[in-house]
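Student: Before I plan anything around this protein, I would like a close look at a single part of it, namely its interior. Could you take me through what is packed there, and how far the model can be trusted?

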Amino acid sequence: MATAAGKSYCFKVVLLGEGCVGKTSLVLRYCENKFSDKHISTLQASFLMKKLNINGKRVSLAIWDTAGQERFHALGPIYYRDSNGAILVYDITDEDSFQKVKNWVKELRKMLGGEICLCIVGNKTDLEKDRNVVIEEAEAYAASVGAKHFHTSAKLNKGIDELFLEICKKMLQVVQAEEAAKVSDSTLMGSARRGIQIIDDEAEPVSSGGCCS
């Protein structure tokens, strides 16, 4: 997670989920306030940038939209390996797409550990009458993996700003905790070293691990 001078942060967020759940529609609605009823298939991956100011902290968000088709699943790690956060999307009318979210969570935890921030999203709430995923089940699952659950509609522009704001806040909390721990460790190490006169007493630089250096 990169920290630049003046407390400017750059985070990489990846959207994962089956084809046709609306990942591209969510990204386009959030970044460009556009929506189309026509299905747009994402080939491999694409990304858009969004700049935010959260409590006086500048955040540049690189949002990666990945293909959901089965034949592209093997490419997943290429796109999410450096991610600070992941948004796992399912279609509320498609129970199978929700079950597949569980596979993505397992894979992310295996590849990236517990540090990555997760949000789980039930999209297409404009089709509530056709819902096939039980709300309580979805929310309980999200809580069990330490993720927050959101209900969104790209068509109606519902819940999307709240979703991205929440994941940005979570990523900020993680990187700020890392910074505080690094300062604390540096201070303790400096105190221990002063008696033995080690010349190189600088703290390690913050690792980028994000979308920019």
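Tutor: The protein chain contains five helices and seven strands, and along the sequence these follow the pattern β-β-α-β-β-α-β-α-β-α-β-α. What you see is a predicted model, with an average pLDDT of 81 over the protein chain and a score of at least 70 for 75% of the residues. Of its 213 residues, 43% count as buried, and among contacts between residues at least 6 apart in sequence, 73% join residues at least 24 apart.

The interior is best approached through its largest nonpolar core, which has 30 residues. Those with the most contacts inside this core are Phe11, Tyr30, Leu61, Ile63, Ile87, Phe164 and Met171. At least two core residues come from each of strand E2 (8-16), helix H1 (23-32), strand E3 (45-54), strand E4 (57-66), strand E5 (85-91), strand E6 (117-123) and helix H5 (160-193). The greatest contribution is that of H5, which gives nine residues. Apart from this core lies another, of 21 residues, among them Ala86, Leu88, Leu108 and Ala147. As background, nonpolar side chains tend to be buried together in soluble globular proteins.

Ile87 shows what the packing looks like from one position. Leaving aside its neighbours within four places in sequence, Ile87 is in contact with Val13, Val14, Leu15 and Leu16, with Cys119 and Val121, and with Leu163, Phe164 and Ile167.

Helix H1 deserves attention of its own, because seven of its ten residues are buried and the helix is therefore largely enclosed by the rest of the structure. The buried residues of H1 are not confined to nonpolar types, for Lys23, Thr24 and Arg29 are listed together with Leu26, Val27, Tyr30 and Cys31. Cys31 counts as buried because its relative accessibility is 18%, which falls under the 20% cut-off. After H1 comes Asn33, with a positive phi near 50°.

As to the cysteines, the structure holds zero disulfides. For Cys168, the closest cysteine sulfur is that of Cys119, and because the two sulfurs are 9.6 Å apart they are too far from one another for a bond. Cys168 is itself buried, at 0% relative accessibility.

A charged side chain can also be followed inwards, in the case of Arg131, which is found in the loop between E6 and helix H4 (135-144). With a relative accessible area of 18%, Arg131 is buried. Its side chain makes a polar contact with the side chain of Glu128 at 2.6 Å, and the side chain of Arg131 also reaches the backbone oxygen of Val133 at 2.9 Å. Not counting residues up to four places away in sequence, Arg131 touches Ile92, Thr93 and His151.

Turning from the interior to the outside, the protein chain exposes about 11,200 Å², of which carbon and sulfur atoms supply 53%.

Two stretches call for caution. The pLDDT stays under 50 over residues 1-5, for which the model nevertheless has 23 contacts beyond four places in sequence. Over residues 188-210 the pLDDT is likewise below 50, and this stretch has 20 contacts in the model beyond near neighbours in sequence. Where pLDDT is low, the predicted coordinates should not be read in detail.

Key:
Residues are numbered from 1 along each chain as its sequence is written. This is a predicted model: local features need pLDDT of at least 70, side-chain atom pairs count only at pLDDT 80 or more; totals for chains, interfaces and linings use all residues. Side-chain values use heavy atoms; hydrogens and water are left out. A nonpolar core is a set of buried Ala, Val, Leu, Ile, Met, Phe, Trp, Tyr and Cys residues joined through side-chain atoms within 4.5 Å. Buried means under 20% relative accessible area, exposed over 50%, partly exposed in between (1.4 Å probe, protein chains only). Helices (H or I, at least four residues) and strands (E, at least two) are DSSP runs, numbered from the N terminus. Contact means heavy atoms within 4.5 Å. Accessible areas come from the Shrake-Rupley method with a 1.4 Å probe; for residues, only the protein chains shown count as cover. A disulfide is a pair of cysteine sulfur atoms within 2.5 Å. pLDDT is the predictor's confidence in each residue, from 0 to 100. A polar contact is a pair of N or O atoms within 3.5 Å; within protein, one must be able to donate a hydrogen and the other to accept it, and residues adjacent in sequence count only if both atoms are side-chain atoms.
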